[in-house]
Amino acid sequence: MTPVSAIVGVAESELGAVSDQHPLRMMAAASIEALDDAGLTLADVDGLITAGYPTVMPSLDLAQYLGIAPSYVDSTDIGGSSFEMHVAHADAAIQAGLCEVALITYASTQRQDRSRLAGGPAEPAFSYRSQFEMATGMPSPIGAYALATARHMYEFGTTSDQLAEVAVAARAWAGLNPKAFKRDPITVEDVLESRPICTPLHLLDCCLVTDGGGAVVVTSQKRAHDLRREPVSVLGYGQQITHADVSQSPDLVRTGAAVSGKAAFAMAGLAPGDVDVAEIYDSFTITVLLSLEDLGFCAKGEGGAFVEEGRIKPGGGFPLNTSGGGLSYCHPGMFGLLLLIEGVRQLRGECGDRQVSEAEVALCHGTGGVLSSSATVLLGAS
Amino acid sequence: MTNTVPITVDPDSEPFSAGLEQGELRLQRCAGCQRFQFPPRGFCVGCHQGPLRWERASGAGKIYSLTVCYLAGTAEMSESTPFVVGLVELDEGVRILAPLELPVEAAEPAAIGTPVIARFRARDNRQELVFAPAGEEAADA
């Protein structure tokens with residue numbers, strides 16, 4: 001299928017420990033920079049998309065702050081994978097003629113706020129989550145991912161050492177990224193000796209809690225070719241939600257990625273073997289194993305073996321999370337937008353020491369909630 | 001960390017909570033399609049039609065997965081770490097997240113599949129649903 005849209009501009013906000021900015025200001029700064037990257041300005045934006053800004057009407061608040069009145073807005077929130085889905089929505093909106101220049105942006109100051117929660121309205125007391133899940137005292141989201149990890153170990157014999165390989169590789173990539181929050185190398189032993197949070201997951205199996213955000217600009221193929229940068233085409237996408245709370249997951253070790261990935265590959269006319277660089281949501285080490293399996297990079301249950309022997313490290317043959325990922329680069333509560341930014345930069349060949357040679361196809365895959373939502377985007381170099 | 005979570009009943013789950021106070025695990029069942037469902041809802045999520053009734057469940061199930069929490073998600077549980085939480089698949093086909101009465105050392109992935117039985121334990125001013133290995137039920141009796 002001929003691509004409809006392309007990503008023409010990307011930018012990160014300030015990352016890491018941000019002390020003097022609120023999320024709206026960070027989103028504005030990233031948006032202006034991403035638009036400038038494309039040779040556009042806020043005046044060109046007629047589609048505005050965001051998630052995770054914790055007010056009741058985030059589209060209105062953000063548009064007002066930016067000083068724009070877009071004809072198309074979307075603030076659908078399915079957790080950290082929202083932004084992969086937003087690329088799909090932007091592409092569809094552009095195809096339908098609802099907008100021509102879609103700006104997707106997100107920022108959070110959760111490190112500054114000392115809260116893993118992105119904020120938002122209080123959990124209603126009548127909710128299932130309040131009555132039956134939070135009451136157990138199991139922390140969320142990590143408890144849910146721990147349950148999936150234990151189940152994966154039980155069904156497939158996956159080991160803590162294999163999971164640790166994901167964290168070790170992420171840190172090695174982060175060592176090549178000047179913007180990464182944690183850059184000192186770690187070993188499998190370091191991961192296994194870090195304190196348990198919810199077994200079998202240790203502290204170093206968990207993503208960072210940082211401030212950060214970014215912006216991505218999507219426009220039509222036609223408009224894209226008149227702009228400043230070589231466009232990165234949106235080749236395919238898919239998404240699937242399965243549940244909200246962990247007890248209601250249909251299967252703890254089989255995620256919606258099986259559906260979202262299949263749809264994305266079918267739309268693009270590609271297969272997993274065509275992917276040159278993979279940016280896969282790494283909220284926890286287990287998230288990567290499940291995604292690799294469900295996206296078809298290996299058979300179900302073989303994710304642990306797939307990442308062994310440094311395969312996903314720099315130079316290891318399967319470039320994964322080249323920024324250092326949510327585990328070592330930046331995880332501002334919702335990581336999906338930063339997956340897209342790194343995917344685009346790899347395809348543009350501007351990643352310096354961590355550049356993957358001859359990268360022509362990038363897969364960006366988000367996982368949100370408690371393995372609740374999956375959204376996949378395939379991007380192609382010009 | 002959130003504050004203490006109040007256990008608040010809603011019209012859908014009130015019979016479930018009332019059951020706990022009487023030492024009973026109750027589940028909604030559709031009189032039309034016979035399906036059990038949890039969490040409680042105002043309609044049958046299977047056939048969308050049948051009237052729902054509350055039945056006393058067997059209380060028997062198996063551990064579907066489990067974790068030892070060294071970090072608590074609520075202030076109420078922060079003094080109780082480490083504690084074991086399990087996702088239990090009941091014989092009726094539904095899954096419930098609940099505390100597991102299992103020693104921390106035994107709460108390994110290898111314990112998945114272990115038969116468990118519902119028990120009720122006093123906590124604050126209410127009865128809390130927990131699950132314990134089924135074999136120990138007889139020993140206690």
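Reader: Happy to look at this predicted model with you. A crossing is right-handed if the near helix is turned clockwise from the far one by less than a right angle, and left-handed if anticlockwise. In which hand does H1(A) pass H2(A)?

Author: Glad to help! H1 covers residues 23–38 of chain A and H2 covers residues 58–66 of chain A, and their axes come within 10 Å. As H1(A) passes H2(A), the crossing is right-handed.

Reader: Thanks! Is H1(A) parallel or oblique to H2(A)?

Author: The two axes cross at roughly 60°. Angles from 65 to 115 degrees would count as roughly perpendicular and those under 35 as roughly parallel. The crossing angle therefore makes H1(A) to H2(A) oblique.

Reader: How many residues of the contact of H1(A) with H2(A) are charged?

Author: From H1(A) come Leu24(A), Arg25(A), Met27(A) and Ala28(A), which meet Asp61(A), Leu62(A), Tyr65(A) and Leu66(A) in H2(A). Asp and Arg count as charged, while Ala, Leu, Met and Tyr count as nonpolar. The contact thus has six nonpolar residues and no polar ones, and the charged number two.

Reader: Nice. Now to H5(A) and H10(A): in which hand do they cross?

Author: Here H5 spans residues 142–156 and H10 spans residues 285–294, both of chain A, with axes that cross at roughly 60°. H5(A) passes H10(A) in a crossing that is left-handed.

Reader: And how many residues of that contact are polar?

Author: H5(A) brings Tyr145(A), Ala148(A), Thr149(A) and His152(A), and H10(A) brings Ile286(A), Thr287(A), Leu290(A) and Glu293(A). Of the residues in this contact, four are nonpolar and one is charged, and the polar ones number three.

Definitions and conventions. Residues are numbered from 1 along each chain as its sequence is written. Chains are lettered from A and ligands numbered from 1 in the order in which they are written. This is a predicted model: local features need pLDDT of at least 70, side-chain atom pairs count only at pLDDT 80 or more; totals for chains, interfaces and linings use all residues. Side-chain values use heavy atoms; hydrogens and water are left out. Axes are lines fitted to C-alpha atoms, for helices over the stretch in contact, and angles run from 0 to 180 degrees between N-to-C directions. Helices (H or I, at least four residues) and strands (E, at least two) are DSSP runs, numbered from the N terminus. Angles under 35 degrees count as roughly parallel, over 145 as roughly antiparallel, 65 to 115 as roughly perpendicular and the rest as oblique. Contact means heavy atoms within 4.5 Å.
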